[in-house]
Amino acid sequence: TLIASAAVLLLLTACSTTPSLEARTDYNREFDFSGVESIAIQPVQRANLAAVRISDMQVARMNTAFRNALEARGLKVVDDNARADLLMTWHLVTEERTDVRTYNTHSMYNCWRCGPAVSDVSVRQFTQGTLIVDMIDPARNRSVWRSIVQSRLRQTDAEQAEALRNEAARASFAQFPPS
């Protein structure tokens, strides 16, 4: 479907109520991040139907945004897993949601607020996107750091989509490596 094929194009487009994206992170406090200098971005796994819907072009654009964000933090992105201190993997989860809001207002006849109360219901369908980024210790093959960014997804033009991919990548790594 059109929605499925545009999932990453729509990736984490700006919420109308949130000016910038923020990530929730978690990490293994026993892992020593002080020696991390190089990261290898792993291929997106095609194990489930949702991952298959993301095109190779969309994956490449997102990987470029991640590379730029990591390099801006002083980390080197390498192609060879054997030269990487950590392996980075990511995936996007989308979920169709419904936002229902009820508003109570007063109707006005010949006097101010003397009419009966009127309820108005607003129903909006939207797609919630969750971008999950994991850093994996290659020695133990275990995740040592995770970032989660959530936002409503909206249709945008190519320029806006690029800016929003970059913002999502920067938000993902804003707290990496942990202090």
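## Working through a predicted model

Let's open on the outside: Val100, Val121 and Val123 make up a nonpolar patch on the surface, and together they offer about 260 Å² of accessible area. Keep in mind that this is a predicted model. Now for some exercises.

### Exercise 1: one valine of the patch

Find the strand that holds valine 121, and work out how exposed valine 121 is.

**Solution.**
- Step 1. Look up the strand: valine 121 sits in β5, which covers residues 117-137.
- Step 2. Check the accessibility: the relative accessible area of valine 121 is 49%.
- Step 3. Compare with the cut-offs: exposed means over 50% and buried means under 20%, with partly exposed in between. At 49%, valine 121 is therefore partly exposed.

### Exercise 2: the overall layout

Describe how helices and strands are arranged along the protein chain, and say what share of its residues is buried.

**Solution.**
- Step 1. Count the elements: there are 4 helices and 6 strands in the protein chain.
- Step 2. Put them in order along the sequence, and you get α-β-β-α-α-β-β-β-β-α.
- Step 3. Turn to burial: of the 179 residues, 42% are buried.
- Step 4. Look at contacts between residues at least 6 apart in sequence: 74% of these join residues at least 24 apart.
- Step 5. Finish with the surface: the chain has an accessible surface of about 10900 Å², and carbon and sulfur atoms account for 48% of that.

### Exercise 3: a serine and an alanine

Is serine 147 buried or exposed, and what does its side chain reach?

**Solution.**
- Step 1. Place the residue: serine 147 belongs to strand β6, residues 142-153.
- Step 2. Read off its accessibility: serine 147 has a relative accessible area of 0%, so it is buried.
- Step 3. Follow its side chain: it reaches the backbone oxygen of serine 172 at 3.0 Å.
- Step 4. Leave out residues up to four places away in sequence and list who serine 147 touches: Ala23, Arg24, Thr25, Leu131, Ile132, Val133 and Ser172.
- Step 5. Pick Ala23 from that list and go there. Alanine 23 lies in strand β1, residues 23-27, and is buried at 15% relative accessibility.
- Step 6. See how the chain comes back on this spot: alanine 23 and isoleucine 148 are 125 residues apart along the chain, but their C-alpha atoms are separated by 5.3 Å. Contacts of alanine 23 include Ser147, Ile148 and Ser172.

### Exercise 4: the nonpolar cores

Which residues of the largest nonpolar core touch the most other members?

**Solution.**
- Step 1. Start with the core itself, which has 32 residues; Phe66, Met88, Trp90, Met135, Phe173 and Phe176 touch the most other members.
- Step 2. Ask where its residues come from: β2, α3, β4, β5, β6 and α4 each give two or more.
- Step 3. Find the top contributor: α3 gives the most, with 6 residues.
- Step 4. Look for another core: one of 5 residues lies apart from the largest, and Val78, Ala84, Leu87 and Ile136 are among its members.

### Exercise 5: salt bridges around arginine 67

Which residues are linked with Arg67 in a network of salt bridges?

**Solution.**
- Step 1. Take the pair within the helix: the side chains of arginine 67 and glutamate 71 form a salt bridge at 3.8 Å, N to O. About one helical turn separates these two, because they are 4 residues apart in helix α3.
- Step 2. Add aspartate 79, which forms a salt bridge with arginine 67 with the closest N and O atoms 3.6 Å apart. Arginine 67 is in helix α3 and aspartate 79 is in the loop between β3 and β4, so this pair ties together parts 12 residues apart in sequence.
- Step 3. Compare exposure: arginine 67 is partly exposed at 29%, glutamate 71 is partly exposed at 39%, and aspartate 79 is exposed at 72%.
- Step 4. Join the pairs: Arg67, Glu71 and Asp79 are linked in one network.

### Exercise 6: two backbone oddities

Where is the cis peptide bond, and what is the phi of asparagine 141?

**Solution.**
- Step 1. Recall the background: most peptide bonds are trans, and most residues other than glycine have a negative phi.
- Step 2. Find the cis bond: it joins phenylalanine 176 and proline 177, with omega about -10°. Proline 177 is in the segment after α4.
- Step 3. Check asparagine 141: its phi is positive, about 55°, though it is not a glycine. Asparagine 141 sits in the loop between β5 and β6 and is exposed, at 62% relative accessible area.

Key: Residues numbered from 1 in each chain as written. Predicted model: local features only at pLDDT ≥ 70, side-chain atom pairs only at ≥ 80, totals over all residues. Heavy atoms only, no water. Buried < 20%, exposed > 50% of the residue type's maximum accessible area, 1.4 Å probe, protein only. Contact = heavy atoms within 4.5 Å. Areas by Shrake-Rupley, 256 points an atom, 1.4 Å probe, with all protein chains shown as cover. Polar contact = N/O pair within 3.5 Å; in protein donor to acceptor, adjacent residues only side chain to side chain. Patch = residues over 30% accessible without salt bridge, like charges linked within 9 Å, V, L, I, M, F, W, Y side chains within 5 Å. Salt bridge = Lys/Arg side-chain N within 4 Å of Asp/Glu carboxyl O. Core = buried A, V, L, I, M, F, W, Y, C linked by side-chain atoms within 4.5 Å.
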